[in-house]
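Reader: I should like a close look at a single part of this model, namely one helix and its surroundings. Please describe how this helix packs, what follows it along the chain, and how a second helix pair may be set beside it.

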Amino acid sequence: MRVLGIEGTAWAASAAVYDTETDETTIFTDAYQPESGGIHPREAAEHMRSAIPAVVWRARDHAGDDVDAVAFSRGPGLGPCLRIVGTAARAVAGGLGVPLVGVNHMLAHLEIGRHRSGFDSPVCLNASGANAHLLGFHGGRYRVLGETMDTGVGNAIDKFTRHVGWSHPGGPKVEARAKDGEYVDLPYVVKGMDFSFSGIMSAAKEAVDDGERVEDVCFSLQEHVFAMLCEVSERALSLTGNDELVLGGGVGQNARLRAMLGEMCAQRGARFHAPEPRFLRDNAGMIAVLGAKMADAGDTVAIEDSRVRPDFRPDDVPVTWRAGEDVARGGDDAGTQRGAEATVSLDDRVAKAREPKGYRHPALDARLRRERTRGEARLLRDARRLGVPTPVLSDVDPREATLTMERVGDCDLRERLTEEGVRSVGRHLATLHGAGIVHGDPTTRNVRVGRRTWLIDFGLGYHSRHVEDYAMDLHVFEGSLGGTADDPVPLIAAFEDAYADAGDPAVVEQLREVERRGRYRSE
Ligand SMILES: C[C@@H](O)[C@H](NC(=O)OP(=O)(O)OC[C@H]1O[C@@H](n2cnc3c(N)ncnc32)[C@H](O)[C@@H]1O)C(=O)O
Ligand SMILES: Nc1ncnc2c1ncn2[C@@H]1O[C@H](COP(=O)(O)OP(=O)(O)OP(=O)(O)O)[C@@H](O)[C@H]1O
Ligand SMILES: [Fe+2]
């Protein structure tokens, strides 16, 4: 089969031909380069209008007469750009008399990595301009395991470079200047598998304004932002019991990010794949490759139903091309467990060691391991005083980043997911929040079940009086239900119900706001 793909969600006016027989992909791209500032939606659309016909023409010329389907980026992306691409795709498919396939751009970033790696069911880190998220396949859908709470990773970097007066796109310039940089401390924010860039970006701009060398800020920006992405990826591998990771998106062209992810995976015995740069940045090749899989599954769209979807979420897509597949995984409960952060040896007592992470800069690594060990010890005690079951500690060594504690429960909640279990988590979180404590990482792996329900792993916890922070705890827990439960809907309902009963219903309202914010925005 030969599929002609068309991409044009933001900057890349691109067309490609993918041949399933030879597995060859030929890509023709005409990039939009803003004269000043970032991407202007109107200018970008203008670019699509003038550039799409020529790249499509070249692809058609390359394909000759045999094209079996036309695939196009249906969203997410800038509405005015998408509409031009949609119109072109409809015209070409109609003219050739072949089926039309509407592809989700974010899933294309993921599927190209799965396709090129040959991995079976990897977790995907998408590090693109307008997005940053982790996807995992479970129960016939791609679930969003974690995502940015504010801007996409590329946009965050581009805003910083605009501030220092560099032209778009900023990512490659930061990468080049980072080569002569040295480490300075910047904020580091992960919440479960979610993360946020706003704090670190303001701090980076301020640092430059205050006279810090721009090379040092570029270097440190990469060290912090990419370490956050590595950490949440490792959390996703750990939570889902997966041992394959693929990278997607334009920021994936950064050699330091690829090296860090490779090292993180090597350290935990997982496999890592990053496709070639031509498949990482926006390109129509990835649209054609996923288009071929969808067409093969009969997943085509009638022209009259093919309107574009600027807010198209990856978890809204029925994954027709992987129908019938599911991934059954789970950890055992013996010997040594490897969490995302620590190695945990389970005996009568539990010894938890936050070992150094080779991918992190040594200064950042030492800071995180020390702070988290200290914080975990303090919050385990504070929580128990409030009546929330936690393991009793017998030893703490912040310098070595080790803790020794009581062994609790029979298994992790993810192995025995019941409504009663998630209700207890709802009640426990309500109690913590009532006393101003945020758990920071309440996942189905960080809850132990047995004759009662214990909360463990307070390493990301802290004290706060902000409803927003409590809502993030709920968001993290619900995200982990999405990643580990076959049918998360009733469990989420039971959890929220128990939380609202025992705690402040305003937190559940704030959760709705957090969810809206996590949705795709073009800038
Ligand atoms: C919806 C769609 O339009 C959007 N596309 C997009 O963001 O383009 P993409 O090609 O995936 O990524 C562009 C981003 O990738 C960054 N980038 C490019 N080379 C880089 C490098 N060497 N290091 C860091 N960032 C880099 C750029 O600065 C820019 O922010 C998306 O996928 O989110
Ligand atoms: N006190 C305990 N009693 C019983 N099992 C425990 C205890 N502490 C940890 N475990 C087991 O070890 C696993 C990893 O522990 P923990 O979550 O503390 O480490 P981590 O590396 O911080 O994990 P992650 O960051 O992936 O959540 C847990 O999921 C649980 O199965
Ligand atoms: Fe993209």
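Author: The account below begins with conventions, turns to the chosen helix, and ends with the second pair.

The model is predicted: local features need pLDDT of at least 70, side-chain atom pairs count only at pLDDT 80 or more, and totals for chains, interfaces and linings use all residues. Residues are numbered from 1 along each chain as its sequence is written, while chains are lettered from A and ligands numbered from 1 in the order in which they are written.

The domain assignment, which is automatic or taken from a database, divides the chain into domain 1 (2-111 + 280-322), domain 2 (121-249), domain 3 (336-406) and domain 4 (411-517). The part to be examined is helix H4, residues 153-163. Helices (H or I, at least four residues) and strands (E, at least two) are DSSP runs numbered from the N terminus.

H4 is mostly covered, with eight of its eleven residues buried. A residue counts as buried if 20 or more other C-beta atoms, placed from the backbone, lie within 10 Å of its own, as exposed if there are 12 or fewer, and as partly exposed in between. In H4 the buried residues are Val153, Gly154, Asn155, Ala156, Ile157, Asp158, Phe160 and Thr161. They pack against strand S6 (123-127), strand S7 (132-138), H5, helix H6 (198-209) and H7. Helix H7 spans residues 214-240 and gives the largest nonpolar core its largest share, 15 residues. Such a core is a set of buried Ala, Val, Leu, Ile, Met, Phe, Trp, Tyr and Cys residues joined through C-beta atoms within 7 Å.

The pairing of H4 with helix H5 (residues 171-178) can be described in detail. Their axes come within 8 Å and cross at roughly 70°; axes are lines fitted to C-alpha atoms, for helices over the stretch in contact, and angles run from 0 to 180 degrees between N-to-C directions. H4 and H5 are therefore roughly perpendicular to each other, the term covering 65 to 115 degrees, whereas under 35 is roughly parallel, over 145 roughly antiparallel and the rest oblique. H4 passes H5 in a left-handed crossing, that is, with the near helix turned anticlockwise from the far one by less than a right angle, clockwise being right-handed. Gly154, Ile157 and Thr161 of H4 meet Gly171, Lys173 and Val174 of H5, contact requiring C-beta atoms, placed from the backbone, within 7 Å.

After H4 comes Gly165, whose phi is positive, near 90°. In the loop between H4 and H5 lies Pro169, joined to His168 by a cis peptide bond with omega of about -5°.

A second pair may be set beside this one. Helix H13 (residues 467-484) and helix H14 (residues 488-502) pack at about 155° with their axes 9 Å apart, and are therefore roughly antiparallel to each other. Here the crossing of H13 past H14 is right-handed. Leu474, Phe477, Glu478, Leu481 and Gly482 in H13 meet Pro488, Leu491, Ile492, Phe495 and Tyr499 in H14.

H13 also holds Ala471, which counts as buried because it has 21 C-beta neighbours inside 10 Å. Leaving aside residues up to four places away in sequence, Ala471 touches Val507, Gln510, Leu511 and Val514. Between Ala471 and Leu511, 40 residues apart along the chain, the C-alpha separation is 4.8 Å.

Terms used. Contact = placed C-beta atoms within 7 Å.
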